[in-house]
Each structure stands twice: as C-alpha cells, then as structure tokens.
Amino acid sequence: MQKESFQDGFNNYGYGGAGSQFAGGYQSEASLIKKYTAVLGLSEDATMSEIKKAYRKLVKEYHPDKLAADNVPQDYIEFANQKIREINEAYEYLEKVKGNK
C-alpha cells in the first residue's frame with residue numbers, strides 16, 4: 001500500500017466528523033446516507049447485507065493492529081486509526097437508519 005492511495009481515499013470522502021448529525025451537528029438524512037455509503041464504497045441504495053459485507057472488508061483492510069503486525073510505518077497506522085473511526089461511524093449510522101427498514 002502506498003501512502004498516497006490511503007490519503008487520497010481519505011480526502012475523497014469529505015469526512016466531517018463533528019459536522020454530521022450522528023456526531024451532534026446537523027445534515028439531512030439523505031446527505032448523510034450519501035456520505036456514509038461513499039465511505040464504505042457503496043451506492044446509496046445498498047442493502048444492510050451489502051453494508052455489512054463492505055464494513056467487514058474495510059475493517060480487515062484498515063485495522064491498525066493488522067497494520068502494526070505487518071510492520072507498516074507509524075503514519076499509516078495513524079491514518080488507519082482515523083479511517084477505522086470513519087468506517088465505524090458510517091456503519092453505525094447506516095445500521096441505525098437502514099437496519100430498521
């Protein structure tokens with residue numbers, strides 16, 4: 001993995017953290033679904049099954065413990081920590097919104 005691909009992927013998601021409804025700010029449900037499905041690499045009409053599958057795949061790819069075991073540089077591990085938080089936030093929101101449908 002190259003650092004540029006990690007960082008480019010991170011920047012493309014427009015992660016706002018505190019600006020989201022889920023974290024206490026406000027954005028419309030439609031914009032949050034769009035944002036969080038993009039985080040998971042899915043379309044907005046993804047099913048919960050597809051969301052779970054994408055979530056599991058991304059967690060395996062970015063889990064900081066796995067990266068540490070693979071002896072990757074510390075800056076990758078720091079990025080992975082942020083990425084895991086983003087992935088978890090996306091999954092939790094989508095599960096809350098789509099899991100009840």
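Visitor: Before we start, what does it take for a residue to count as exposed?

Guide: In this tour, a residue is buried when its relative accessible area is under 20% and partly exposed in between. To be called exposed, a residue needs a relative accessible area over 50%.

Visitor: Thanks! Then is Ala30 buried or exposed?

Guide: Keep in mind that we are looking at a predicted model. Ala30 is found in helix H2, which covers residues 29-39. Its relative accessibility is 54%, and the mark to pass is over 50%. Ala30 therefore counts as exposed.

Visitor: How far apart in space are Ala30 and Glu44?

Guide: Along the sequence, 14 residues separate Ala30 from Glu44. Going from C-alpha to C-alpha, the distance between them is 8.7 Å.

Visitor: Let's step back to the whole chain. Which elements does the protein chain have, from the N terminus on?

Guide: The protein chain has five helices and zero strands. Read from the N terminus, the order of elements is α-α-α-α-α.

Visitor: And what share of the residues counts as buried?

Guide: The protein chain exposes about 6,100 Å², with carbon and sulfur atoms supplying 48% of that area. The chain has 101 residues, and the part of them that counts as buried is 35%.

Visitor: Now for helix H3. What span is expected for it at 1.5 Å a residue?

Guide: Helix H3 runs over residues 48-62, which gives it 15 residues. From its first C-alpha to its last it reaches 21 Å. That is close to the expected span, 21 Å.

Visitor: Why do the buried residues Met48, Ile51, Ala54, Leu58, Val59 and Tyr62 lie on the same side of H3?

Guide: In an α-helix there are 3.6 residues a turn, so residues three or four places apart point the same way. In H3, the buried residues are Met48, Ile51, Ala54, Leu58, Val59 and Tyr62. They share one side of H3 because the arc they cover around the axis is only 135 degrees.

Visitor: Which residues are exposed on the other side of H3?

Guide: Here you can look across the helix from the buried residues, which include Ile51 and Leu58. The exposed residues on that other side are Ser49, Lys53, Arg56, Lys57 and Lys60.

Visitor: Which residues is Val59 in contact with, leaving aside its neighbours within four places in sequence?

Guide: Val59 is found in helix H3, and it is buried, with a relative accessible area of 18%. Setting aside neighbours within four places in sequence, Val59 has contacts with Ile84 and Ile87.

Visitor: I see some rings too. How are the rings of Tyr55 and Tyr91 arranged?

Guide: A pair of aromatic rings is described by the distance of the centres and the angle of the planes. For Tyr55 and Tyr91, the centres are 4.2 Å apart and the planes are at 25 degrees. Planes under 30 degrees apart are what the label requires, so this pair is stacked.

Visitor: Which helices does that pair tie together?

Guide: Tyr55 and Tyr91 are 36 residues apart in sequence. Tyr55 lies in one helix and Tyr91 in another, covering residues 74-98, so the pair ties together H3 and H5.

Visitor: What kind of aromatic pair do Tyr62 and Phe79 form?

Guide: Tyr62 is buried at 11% relative accessibility, and Phe79 is buried at 9%. Their ring centres are 6.2 Å apart, with 70 degrees between the planes. Angles over 60 degrees earn this label, so the pair is edge-to-face.

Visitor: Last one: which residue lies over the face of Tyr62?

Guide: Look at 5.4 Å from the centre of the Tyr62 ring. The residue lying over that face is Lys83.

How values were computed
Residues numbered from 1 in each chain as written. Predicted model: local features only at pLDDT ≥ 70, side-chain atom pairs only at ≥ 80, totals over all residues. Heavy atoms only, no water. Helix = DSSP H or I, 4+ residues; strand = E, 2+ residues; numbered from the N terminus. Buried < 20%, exposed > 50% of the residue type's maximum accessible area, 1.4 Å probe, protein only. Areas by Shrake-Rupley, 256 points an atom, 1.4 Å probe, with all protein chains shown as cover. Expected span 1.5 Å × (residues − 1). Arc of directions from axis to C-beta. Phe/Tyr/Trp six-rings, centres within 6.5 Å; stacked < 30°, edge-to-face > 60°. Lys NZ or Arg CZ within 6 Å of the ring centre and 35° of its normal. Contact = heavy atoms within 4.5 Å.
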